[in-house]
Amino acid sequence: MTLTEDDARRRDAADPGHRDLFHIPPADGGRYAEVAYLAGNSLGLQPKATRADLLDDLDEWARLGVEGHLEAGRPWLPYHEFLTEYAARLVGALACEAVVMNSLTVNLHLLMVSFYRPRGERNRIVIEDSAFPSDSYAVRSQARFHGFDPDETVVRLRPRPGEDTLRTEDIVDYLGADGDRVALVLLGGVNYLTGELMDIPAITEAGRAAGAIVGWDLAHAAGNVPLQLHEWGVDFAAWCSYKYLNSGPGALAGAFVHSRHLDDPTIQRFEGWWSTDPATRFEMTPVSRPLARADAWQVSNPPIYAMGPVRTSLEIFAQVGMPALRARSERLTGYLEQLIDEVTAARTVTLVTPRDPGRRGCQLSLRIGSGSASELAKRLRHEHGVITDAREPDIVRVAPAPLYSTYHDCWRVAEALAHTIEEVR
Ligand SMILES: *Cc1c(COP(=O)(O)O)cnc(C)c1O
């Protein structure tokens, strides 16, 4: 390779990121002490601060019992509020529009209870054909819940023949032509499979102009690309916190509801005691009085030991800031793209992710011409200590996470691919 290992090391010295804040999994033998971890799009790494913060919260329970609700250093009753500002800043929301709660698909369902409101001919739900399966199952079950046939009600947008990613103009054209039949548009902000960053403001505008509600699944966008949900007029959104947000497996998710919906009395919601105004929560009255905040979509009292790691992690994002992270992300992913082009030039590997940095986050998805993607990922891991992520039959996803991934990690992936691809074929 013309891009050398020394060159990667020099780039790391000049542009170090925040790797020291994270536990990097050790390698199981081989030339390097640590694995090259490029699977932060699947499960982010553990911040070093998480353990001590979590133990602090746990100690408060031992020390205080029930009094911890009010007397803990971070009292449990308002605990979710300690996360709100951070979550709002991350997605470009007003503080009243964001809340951390539940898990992602649960939030999608709770939000669809409010925002999938089919009326007459306007009953369709538009998703991308390559939507993450959970989203597909969620919208199909919502369609059935309303008495519709999901095969007719759920519209799956496909790329043009021979293309891998959706074109904004095709989505906008569809919404212009058939938009009066559409009740809800629910797309991934960054597609999990292709890594394509959608034009969220343009599609939101087109969907709303057609009279539809526009929601976004930001599982692969939150902590990966800058977001301005309020300004873009997005109706609602949800995201998980275990991918780029590094809050641990199954971590609590986020939800966004645009302020224009917050005090709309016609919007239905499934409620519980955490939906009501906290000032009246312990009056134990039979009727809830929700505030005009996304908090009103909460149902139960939150699991403190799951909230803690989200708070710890979002603090890192608040300190570093998305603009700086995004800038480093573009440098790292651009470098990885260069390396991969070099090692795959003569071989049957194609880049599925758009080449325009404005149309992707940090993930690059590679289609391997033949052989099994998971077989390739297995060999990268066991023979080279390189952690990637395979989606059968033929996609390998490689994501340098800008907080902790290095140029050297990128170099290691490319070198490992150069050794492995020919043999897998
Ligand atoms: C990761 C991911 C999910 C996972 O859903 P959970 O409810 O967190 O299990 C759902 N949708 C998308 C688009 C994802 O990327």
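**Salt bridges and the domain contact**

Modeller: Between domain 1 and domain 2 about 2,300 Å² of area is buried, and carbon and sulfur atoms give 58% of it; buried area here is the accessible area (1.4 Å probe) that two parts lose on being put together, summed over both. This is a predicted model, in which local features need pLDDT of at least 70 and side-chain atom pairs count only at pLDDT 80 or more, while totals for chains, interfaces and linings use all residues. Residues are numbered from 1 along each chain as its sequence is written, and side-chain values use heavy atoms, with hydrogens and water left out.

Colleague: What are the bounds of domain 1 and domain 2 in the protein chain?

Modeller: Domain 1 covers 5-48 + 321-424 and domain 2 covers 78-319, bounds that come from an automatic or database domain assignment. Taken over C-alpha atoms, their centres are 29 Å apart.

Colleague: How many residues of domain 1 and of domain 2 are in contact?

Modeller: Contact means heavy atoms within 4.5 Å, and 30 residues of domain 1 are in contact with 27 residues of domain 2.

Colleague: What makes arginine 367 and aspartate 164 a salt bridge?

Modeller: The definition asks for a side-chain nitrogen of Lys or Arg within 4 Å of a carboxyl oxygen of Asp or Glu. The closest N and O atoms of arginine 367 and aspartate 164 are 2.8 Å apart, so the pair qualifies. Between domain 1 and domain 2 the count is two salt bridges, and by this rule the model has 35 salt bridges.

Colleague: Why is arginine 379 called buried or exposed?

Modeller: Buried means under 20% relative accessible area, exposed over 50%, and partly exposed in between (1.4 Å probe, protein chains only). Arginine 379 has 17% relative accessibility and therefore counts as buried, whereas glutamate 383, at 48%, counts as partly exposed. These two residues form a salt bridge, with the closest N and O atoms 3.0 Å apart, and both lie in helix H13 (residues 373-384), four residues apart, about one turn of the helix; a helix here is a DSSP run (H or I, at least four residues), numbered from the N terminus.

Colleague: How do you know that aspartate 389 and arginine 391 meet in a salt bridge?

Modeller: Their N to O distance is 3.8 Å, which is within the 4 Å of the definition. Aspartate 389 is buried, because its relative accessible area is 8%, while arginine 391, at 29%, counts as partly exposed.

Methods:
Helices (H or I, at least four residues) and strands (E, at least two) are DSSP runs, numbered from the N terminus.
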